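Opening the notebook on a new model today. I want to go through it piece by piece and jot down what I look up.

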Amino acid sequence: MNYYIKNATLVNEGETFVGNVLIEDGKIARIDRDGAALRQAQGPYTQVIDAQGKYLIPGVIDEHVHFREPGMTHKADIYTESRAAVAGGVTSFMDMPNTVPQTTTQDLLQQKFDLAAEKSLANYSFYLGATNDNLEEVKKTDPKRVCGIKLFMGSSTGNMLVDKNEALVRLFRESPCLIAAHCEDEQTIHENTVCSKDLAAKGQVELDASIHPFIRTMEACYRSSSKAVDMAEKFGARLHVLHISTKAELALFRNDIPLKEKRITAETCPHYLWFDNRDYETKSFAIKCNPAIKSHRDKEALRQALCNGLIDTIGTDHAPHLLEEKMTDDYFTSKSGFPSIQHSLDVMVNVTDDLPLLVRLMCHNPAILYQIDRRGFIREGYYADLALVDMKANHMISNKTEYSKCGWTPYDGLQTHCAVTHTFVNGNLVFENGVFHEENKGERLLFNR
Ligand SMILES: [Zn+2]
């Protein structure tokens with residue numbers, strides 16, 4: 001099936017204009033402002049979609065997700081989470097290696113690609129995980145076919161910590177592709193944990209959710225991020241620092257050169273831009289995540305950094321857990337992370353109404369940063385990965401309409417005016433007004449490196 005999307009307001013590469021897009025054989029065949037493409041399109045196999053009043057954007061590329069397969073499929077799997085993705089206008093994702101088993105060999109990596117080829121509704125790539133002793137596997141990674149290497153410089157869910165200095169040096173020196181790093185200093189977190197337990201025993205603090213940014217502190221983030229940036233500069237690595245959560249860390253990045261030329265880049269996530277530490281009171285462990293959601297001051301600085309170019313991309317860190325795994329009575333047993341891929345765009349529209357900015361941070365920039373082959377832009381000849389967005393919707397985010405397998409969202413009850421009505425993946429209409437068309441699966445992302 002080919003499609004002709006007419007009367008849409010295209011938001012692409014800083015321009016916003018009313019136009020029409022012809023999709024043929026999975027690609028964007030023609031973009032026009034005057035209907036010329038329609039004459040080309042007329043035929044029995046072209047479905048016309050009138051997008052009057054709606055915005056057409058490149059599909060969102062989520063560079064940071066945890067789809068939990070294999071090994072933790074009671075809470076999420078590639079099929080269910082890719083459904084949640086396309087329902088939110090996300091057409092490509094890159095999944096992290098802290099599954100069971102951990103994705104730390106080329107064989108295990110290939111098994112994930114095979115699973116996704118069968119099950120994923122969106123396009124996909126998978127990170128190989130670095131460990132203290134798998135450099136030989138890291139070096140076999142094909143940068144044209146794999147998004148990157150994930151480095152945990154600080155433990156989190158899955159505990160794949162690289163803490164031996166020699167292993168870090170060799171990784172930063174010899175990695176054949178981009179290193180995406182989770183940076184939190186283990187020693188700092190450990191000391192804060194001991195101190196908090198001590199104070200709690202004396203009855204001076206309560207170990208509820210609000211203690212989280214006092215254990216996983218700004219200092220823990222900065223110490224680890226600055227070390228990663230120092231090492232990347234020293235050893236010439238291509239480093240992408242994930243989920244920046246503090247104002248202090250922004251000083252580690254630059255905005256005086258174009259993204260294409262940067263060797264060190266930064267991501268933040270919607271929850272650091274929407275929530276702050278005041279929300280622990282009402283949301284409690286539901287918004288416990290690593291790094292912790294920090295202060296109002298941090299949130300404001302991160303919002304500014306979206307505009308001034310210190311932050312390059314928005315990834316969700318979509319990390320589903322069952323609600324009962326989160327809402328325990330005990331800080332130390334409550335799991336960190338929550339689902340978010342379905343609502344990255346609508347939550348970000350609440351953060352800023354600047355749709356061209358969001359398209360840059362969520363669609364264009366991930367494509368540029370990872371050098372993804374022909375995606376992330378509305379351009380003739382590119383894959384038809386597209387989302388139609390209604391910006392005048394009356395849309396209440398609710399657990400009842402959560403497609404992630406865990407069945408809840410920390411944004412439950414949030415009112416937005418943004419709703420994704422249509423999502424195209426490789427020219428296939430996979431999501432249409434709440435209905436999924438699942439015959440066609442997503443494709444493996446390729447990289448022009
Ligand atoms: Zn993550």
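My entries follow, starting with confidence and then moving to the metal site, the core, the rings and the backbone.

**Confidence**

I'm working with a predicted model, so I checked pLDDT before anything else. The protein chain averages 96, and 97% of the residues score at least 70. Helix H1 (residues 36–41) is where confidence is lowest, at a mean of 67. Strand E7 (residues 90–95) sits at the other end, with the highest value of 99. Where pLDDT is low, the predicted coordinates shouldn't be read in detail. I'm leaving H1, with its mean of 67, out of my close reading.

**Zinc site**

Which residues hold the zinc ion? I find His-64 through NE2, His-66 through NE2 and Asp-317 through OD, at 2.1 to 2.2 Å. The donors follow the spacing H-x1-H-x250-D along the sequence. His-66 and Asp-317 link distant parts of the chain, being 251 residues apart. I traced His-66 to the loop between strand E6 (60–65) and helix H2 (78–87), and Asp-317 to the loop between strand E14 (313–314) and helix H12 (323–326). Both His-66 and Asp-317 are buried.

**Core and covered helices**

I pulled up the largest nonpolar core, which has 104 residues. Leu-151, Phe-172, Leu-239 and Met-362 touch the most other members. Helix H14 (residues 355–370) gives the most to this core, with 7 residues. I then listed what Met-362 contacts, skipping neighbours within four places in sequence: Val-60, Ile-61, Ile-314, Ser-344, Leu-345 and Met-348.

Three of those names took me to helix H13 (residues 344–351), where Ser-344, Leu-345 and Met-348 are among the buried residues. H13 is mostly covered, with 7 of its 8 residues buried.

Is H2 enclosed or open? I count it as largely enclosed by the rest of the structure, because 8 of its 10 residues are buried. The buried ones include Thr-80, Glu-81 and Ser-82 alongside Ala-84, Ala-85, Val-86 and Ala-87. They pack against E7, helix H3 (106–119), strand E8 (123–126), strand E18 (419–425), strand E19 (428–432) and strand E20 (435–436).

**Aromatic pairs**

My search of the whole structure turned up 13 aromatic pairs. How are the rings of Phe-275 and Tyr-411 arranged? Their centres are 5.2 Å apart and their planes at 10°; under 30 degrees counts as stacked, so this pair is stacked. Phe-275 is in the loop between helix H9 (270–274) and helix H10 (280–283), and Tyr-411 in the loop between strand E16 (395–396) and strand E17 (415–416), so the pair ties together parts that are 136 residues apart in sequence. Phe-275 is buried at a relative accessible area of 4%, and Tyr-411 is buried at 2%.

Phe-285 and Tyr-331 make a tilted pair, 6.4 Å centre to centre with 50° between the planes. They are 46 residues apart: Phe-285 in the loop between H10 and helix H11 (296–308), Tyr-331 in the loop between H12 and H13. Phe-285 has a relative accessible area of 5% and is buried; Tyr-331 is buried too, at 4%.

I also noted one aromatic cluster made of Phe-67, Phe-93, Phe-113, Tyr-124 and Phe-126.

**Backbone oddities**

Most residues other than glycine have a negative phi, and most peptide bonds are trans, so I went looking for exceptions.

Glu-69 and Pro-70 are joined by a cis peptide bond, omega about 5°. Pro-70 lies in the loop between E6 and H2, and His-66 is in that loop as well. Another cis bond joins Asn-290 and Pro-291, with omega about -5°. I place Pro-291 in the loop between H10 and H11.

Next, positive phi. Asn-426, in the loop between E18 and E19, has a phi of about 50° and is buried at 7% relative accessibility. Asn-433, in the loop between E19 and E20, has a phi of about 45° and is exposed at 52%.

Last lookup was a hairpin. Strands E2 (residues 15–24) and E3 (residues 27–32) pair antiparallel over 5 bridges, with Ile-23 opposite Ile-28. The hairpin has 2 residues between the strands, and Asp-25 takes a positive phi near 50°.

Note on methods. Residues are numbered from 1 along each chain as its sequence is written. This is a predicted model: local features need pLDDT of at least 70, side-chain atom pairs count only at pLDDT 80 or more; totals for chains, interfaces and linings use all residues. Side-chain values use heavy atoms; hydrogens and water are left out. Donors are N, O and S atoms within 2.8 Å of the metal (3.2 Å for Na, K and Ca); water is not among the atoms, so sites may look incomplete. Helices (H or I, at least four residues) and strands (E, at least two) are DSSP runs, numbered from the N terminus. Buried means under 20% relative accessible area, exposed over 50%, partly exposed in between (1.4 Å probe, protein chains only). pLDDT is the predictor's confidence in each residue, from 0 to 100. Two strands pair if DSSP finds at least two bridges between them. A nonpolar core is a set of buried Ala, Val, Leu, Ile, Met, Phe, Trp, Tyr and Cys residues joined through side-chain atoms within 4.5 Å. Contact means heavy atoms within 4.5 Å. Rings of Phe, Tyr and Trp (its six-membered ring) pair if their centres lie within 6.5 Å; planes under 30 degrees apart count as stacked, over 60 as edge-to-face and the rest as tilted.
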